[in-house]
Structure formats: structure tokens, C-alpha cells
Amino acid sequence: MKHARVAYAGAIHHATPHPRGLQLADGRVLAEEAVVWLPPIEVGTVFALGLNYADHAKELSFDKQAEPLAFIKSPQAIMGHRGQTRRPADATFMHYECELAVVIGRTARNVPREEALSVVAGYTVANDYAIRDYLENWYRPNLRVKNRDTCTLLGPWLVDAADIPDPGRLQLRTEVNGSTTQEGTTADMVFDIPEIIAYLSGFMTLAAGDVILTGTPKGVVDVQVGDVVTTEIEHIGRLVSHIVGDEVFGIPAAPTAKA
Amino acid sequence: MNGYFPALGLGAADAFDRCAATVQRYREISYTRRNQRLAVNPFALPLNDTYLWRCDQPAPVDVPLETARGWLAAGVAVHAPVRGSVYGTLLNDRRALQALGDAVHQPPYKAPPQAPVLYIKPRNTLCAHGTRVVVPAGVEGLLAGAALGAVIGTTACRVREQDALACVAGYVIVNDLTVPHDSFYRPALPFRVRDHSCPMGPWIRAARLLPDPDDVTLSVYVDGIRQQQASTAGFIRPLGRLLQDITAFMTLVPGDVLLTGVPAEAPLVRAGQSVAIEIAGLGRLENHLIPESPSFTGNKP
């Protein structure tokens, strides 16, 4: 089953897919464009993996890691399907990252690899933008790159884990303005989902609502204001975001448009 | 429940049946976060004095300092007073950066930090005054990072340095417990985000009671003996500047806590020892460190 959280007509609703778009729990059937899509769950701790696809790591000139390169985002950084993502005027290289997001469904500590998928509630699609201009080599990737407002999207649907028997064999694809720019498969992860859960739960307690973004394959390209970016994962969903400029946020033109 | 699925309260029986199983699952997923929310936005009114959350009470209260002190002296246990996102600032103490010497110009860093170097203490790390904190097996001890936590009271997006302190509701003592590590190149999750590695409390004190957050004295006591005394006065970015530089790219919301920085040379605390952090005007945050039990296997499914 697929689940969404949407805002419509003054309230926040649980919704499920419908041939004409989506259906709220109270029976109302609506078009996709008629609602505001929120992240499909209220997230707890959000983890993300860097360099977790060998081809992408090579694309960025990195060798394989000895252990997963994991970092944390704050819940405030997350937004939903069809959201607006800001490209600052001074950015020269801003790219999307299509990622399979794993949603934890129960408290988990010291979970062995073999049992790790049993703590997964479901999956959704993530688009985790990065602006490489702001990268620094201190706790890299630093928060200025990876915890920016509007730069991490989740959705549209949370798909029950029971409906995805093999999360390690899903096709990923990104389109910019309708042209495919990134393709890959979750089979190419350096550390697969059970390994990541075993790794994280080996030194900390995971809880229901925690989310793990599992990394992106190669094929990241610079996106521009006005672009429509669609990150799609087989059986999970198709997540759309719109790149907008500083002026949408009332930020004056350079030279004060930094950061 | 109704806050999440308000439609379910409207009596749509068939919709309820269709969604009952889903709702149960959502209840689990949302549970922890929802509980956090109870304390995430408590600052609709400015804080008066001393804001704390007794474990035997359903919600936090704002009372005179003497009342709060009396409760602690009587053995009342407290929760962490707030449960928003906690952001730490690395290397904001000039001496901590200087201690790295020329290494800041060498690989892997290649250049000194430009923007504030931040990290997140996620929800599993949060705990209270009095919580017993486990030292992981195989680790000699934890560094006691004394920090002043600025508790955000109003949403802060692209604030200017000169206005920034207006978004701070109050201040809290934080002990940013860290497994010692030498490299700051990669986000150091196994060192930074151990369970209960972020005690805070025992209370928040209203911002007006700490007029200059850029000149407070932090003291660390291990088993009652002072091991460190430092000041926020030597920090590279004062709090207002930190808030300006951070909210330039990420919005802080009520209940979030920003640590202004941990002084260089944090003392090591071992299992079996107690650690206390004092900040004049705020109080004293004390925790005991205990060894990891060999039988502890967590909550396996």
C-alpha cells in the first residue's frame, strides 16, 4: 500500500493513490495538483549516505570508503513532492541526487544485518540537492551544502516494506525538463540497506520515523532556475521539484545574495 | 491522532476501516516525534524565569529559580526542557582552531573553515540532568564538551547579526559528550551521536537573565573537582554572528538549540565518574557515566 500526507482545504490528511490522483481518508478524490504534498511521514532523525554508489564516487574522484560515509540532516530541512527548491544566485554547480529513502518502523539497536530489513516500515523517494560551491573539508559534506532550506525532498508516497520484496534491485532515474540525466540501480550500492542499518544501529538507537537516504548513482548535472527535476524509483514513486531563484524568496540581487 | 488524520474524527466509518491498519502504523511512526512536539513550541509567550519539566508533571513550567532549585534539592527528576533540533558548532573557540596549527592548510582540510562548522545532535542523544550516560565498550572515556545552548524562541530565517539575539528565548547548559577523535574531515557520527551523548538542563533560563552570552564562564567538574574553566569571550563568532551565518541557509525554529561552541581541551570523563558543568547565571548540569553492560543488546526485533 502507498501512503501520503497532504494538506487540503484547511487540514492535513492521510491519502492513498486513486486512478484520478489521490483519495483522502475521508473519501474525497482529488487531482495531484489540488493538494499540497507534505513529506509522507513526520521525520525523526534523517541520515544520508555519501559516495554510496561506486560509479558516483568515481565521478567525484573518491575511493571506496572503509565504512559508510553517513551524515545527519535536521527534520526542518525536509519538504514534500512538488516543492520549490532555491538556487542561490552565486551558485555555479547545484545538482540533484535521486536516492532511495528507507523509513524505520520500530526502535532498533544492534540489529544484525540478517534481521535489518525487519525494522523497515517502508520506502520513499528522496531528492537531496547539493550546492558544491559551498563544500568545505570540515565535517564534509558540511551543513551549508547538505542541510539547506528547501534542498531535501521526500515523497510523494511511503510504500509499505511488504510491497517491496527486494529493495536492493530497484531502478533509479532522474529527468531534468523531461530528459533523462541519471540512471542507476540500487543493486550498485557500496553498502546495501541491511549493512547501513546494522552499521548505524551498532552505535546508536534508531527509532520509528527515522529516515535513511541511501546515496545516489552517477549522473549528477547542474540545474538552473526554471528547471523541473523528477527523481523516480521503480515501484516507489516519482518525486518532482521546481528550481526557483532568490527573487521568489525576496532576496535582493548580488552582491548581497550570498549563501 | 486527530492532529495527524483529522478526517478520521469525522465519522467516515468506511474510510476508518480502510485505514485502520495504516493508522496504527502511522501512530508508531509518528509517536516519538509527536511527543517531542509537546515541548518544541513552548515559547508563545516570552520566558519569565526558569523553565523546567518535572518527570512527574505532564508539561514544563516556568517558575522562580528558587522554586526550581528547591525541587531539585528535594530529589525531583527532570526531563530535558526542550526537544527541538540541536546544532553544535565545531572549532568556534579560537584556541581549538589554533591547536590544529598548520594542519588546517594541509590535506584533507586544505584551508581553514570559512562558514561555521556545524553538526547535529539527533534525538537519540538528548537526555536530562541526572541521566546516567553509558560509555561505550572499548572507549576510554567521553570528552565533556561544556556548551552554552541558545534556545530559539521565534522562527529565525536570514536574521541580521544586530537583531539576532531577539530570536533567543533563553539559555540552557549542554554537555556535548564526544568519543575522542582526531579528524574533523568527515561527519563523525560514531563519535558524536551516541545515545544520551547530549545531556541538557536542568532548565532553561530566560534570555533576559543572561544579557551577554558572549561572555559567560563555563566550568567542568569531574567527581567534584574542577578540571576546566573557560569563557565564551574568546570565541571566533559571537552568538549573533553565528545566528546570522547559519540562518542565511537554514531556518531555526522554536525549540531548536544552538550550541555556541565547546572550549578547547575538554576533559575526559570515565565510566564510574560524575561530570558537572556550571555556567554562572544558569546553574549546574550533572550526570554520571556508567560502563556499557556486556549484556546490553538493545531492542532487537
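Me: In this predicted model, strands are DSSP runs of at least two residues, and two strands pair if DSSP finds at least two bridges between them. Which residue in the turn of the hairpin formed by strand 18 and strand 19 of chain A has a positive phi?

Reply: Strand 18 and strand 19 (residues 237-244) of chain A pair in the antiparallel sense over six bridges. Three residues lie between these two strands in the hairpin. The turn residue with a positive phi, about 70°, is H235(A).

Me: Which residue is the bridge partner of T230(A) in strand 19 of chain A?

Reply: T230(A) belongs to strand 18 (residues 228-233) of chain A. On the side of strand 15 (residues 171-176) of chain A, which pairs with strand 18 in the antiparallel sense over five bridges, E175(A) stands opposite T230(A). In strand 19 of chain A, the partner of T230(A) is V240(A).

Me: Which side chains of strand 18 of chain A point to one face and are buried?

Reply: In a regular strand the side chains alternate between the two faces of the sheet. Strand 18 of chain A shows this alternation: V228(A), T230(A) and E232(A) point to one face and are not buried. Pointing to the other face, and buried, are V229(A), T231(A) and I233(A).

Me: Which are the edge strands of the open sheet of chain A that has the order 9-19-18-15-16?

Reply: This open sheet has five strands with mixed pairing. Each edge strand pairs on one side only. The edge strands of chain A are strand 9 (83-86) and strand 16 (179-185).

Conventions: Residues numbered from 1 in each chain as written. Chains lettered and ligands numbered in written order. Predicted model: local features only at pLDDT ≥ 70, side-chain atom pairs only at ≥ 80, totals over all residues. Buried ≥ 20, exposed ≤ 12 C-beta atoms within 10 Å, placed from the backbone. Helix = DSSP H or I, 4+ residues; strand = E, 2+ residues; numbered from the N terminus.
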